[in-house]
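Let's walk through this model together, taking the sheet, then the helices, then the spaces left between them. Have the sequence and the 3D view open as you read.

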Amino acid sequence: MNIFSRGLLALASLLLVLTYFFPLWKIQLIAPQYPEGLRMYIWVNKITGGTEFDLYNINLLNHYIGMKHIDPNAVPELKILPFVIGFLILFGFISALLGKRVLLYAWVLSFIALGILGLADFYKWEYDYGHNLDPNAPIKIPGLAYQPPLIGTKQLLNMTASSFPDLGGYIAITSLLLGIFAVVLELKLSRKVKMEVKPA
């Protein structure tokens, strides 16, 4: 790797440190009874509400429609994710120090694979909460599921549910893009070197 690519990879790794301090994802519910909205933030190691009462009110709504209680302590991913991000940070810094192109490629591919795995797991989590409903719930509407969207906005009865990355998520996306940019740069440099050593 050239010095610029190594710097990009080191910066991408350093950026990931910030994901420990900002929410990765935000789910918001807006309804006539909650005009200001109820917000739930997913962090690297916890789930919080937008206010001290938001998570309580979301769980209250979940109880009436038969959805499971959201208990951050019962989500195993929140115990694993800090180590996954720590691995990417450490792997990225070591790769930048060693300057081997193959390690840069491995870091970006690992990041993409882990990101896809994380989104698939998040979708599965949402699906489970939205479809596996308590048959004894006070409010039952046959055939209706309450799964919020993975990304975007969706109408659920009288509630508008939205799900988007938050600041920590956008930081992670920026980190990955820096790594991809370093890969593109290295591929161009590699092609240029091959062209220069080609016999006339």
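**A walk through the fold**

This is a predicted model, and a good place to begin is its open sheet, in which five strands are arranged in the order β3-β2-β1-β5-β4 with antiparallel pairing. The edge positions belong to β3 (47-49) and β4 (152-156); each has a single partner strand, so one side of each is left without a neighbour in the sheet. Direction ignored, neighbouring strands here are turned by 20° against each other on average.

Now look at how β5 is held on its two sides. Strand β1 (residues 25-31) and strand β5 (residues 159-165) pair in the antiparallel sense, and six bridges join them. To find this pairing on screen, pick L29, whose bridge partner in β5 is A161. β5 also pairs with β4, again in the antiparallel sense, over five bridges. Here a handy marker is G152, which has S163 of β5 as its bridge partner. β4 and β5 form a hairpin with two residues between them. In the turn of this hairpin you will find L157, with a positive phi of about 55°.

Which helix packs on the sheet? That is helix α2 (residues 54-65), and the strands touched by α2 are β1, β2 (34-42), β3 and β5. Compare directions and you will see that α2 makes about 100° with β2.

Next, turn to a pair of helices. Two packed helices are described by the angle between their axes and the distance between the axes. For helix α1 (residues 3-16) and helix α4 (residues 101-131), the axes come within 12 Å and cross at roughly 35°. The crossing of α1 and α4 is left-handed. From α1, the contact is made by L9, A12, S13 and L16, while α4 brings L104, W107 and F111. By class, the residues of this contact of α1 with α4 are six nonpolar and one polar, with no charged residue.

With the main elements in view, we can look at the spaces. Rolling a probe the size of a water molecule over the atoms shows where empty space is left. The largest pocket holds about 1000 Å³ of space. There are 32 residues lining this pocket, and those closest to its centre are L24, L81, G115, G118 and L119. Which helix supplies the largest share of the lining of the largest pocket? It is α4, with eleven residues. Helices α3 (77-98), α4 and α5 (167-196) each supply at least two residues of that lining. In character, the pocket lining divides into 26 nonpolar, four polar and two charged residues.

Finally, there is one cavity of 30 Å³ or more in the model. About 220 Å³ of space lies in this cavity. Its lining is made by 16 residues, and L29, I58, N62, M67 and P148 lie nearest its centre. You have met L29 already, as the bridge partner of A161 in β5. The elements that give two or more residues to the cavity lining are β1, α2 and α4, and α2 gives the most, with four residues. The cavity lining has 14 nonpolar residues, one polar and one charged.

Key. Residues are numbered from 1 along each chain as its sequence is written. This is a predicted model: local features need pLDDT of at least 70, side-chain atom pairs count only at pLDDT 80 or more; totals for chains, interfaces and linings use all residues. Side-chain values use heavy atoms; hydrogens and water are left out. Axes are lines fitted to C-alpha atoms, for helices over the stretch in contact, and angles run from 0 to 180 degrees between N-to-C directions. A crossing is left-handed if the near helix is turned anticlockwise from the far one by less than a right angle, and right-handed if clockwise. Contact means heavy atoms within 4.5 Å. Ala, Val, Leu, Ile, Met, Phe, Trp, Tyr, Cys and Pro count as nonpolar, Asp, Glu, Lys and Arg as charged, and the others, Gly among them, as polar. On a 1 Å grid over the protein atoms alone, a cavity is a set of points where a 1.4 Å probe fits but cannot get out, and a pocket is an open set with protein on both sides within 12 Å along at least five of seven lines; lining residues have an atom within 4 Å of a point. Grid points are joined across faces, edges and corners, and a volume is the space filled by probe spheres set on the points. Two strands pair if DSSP finds at least two bridges between them.
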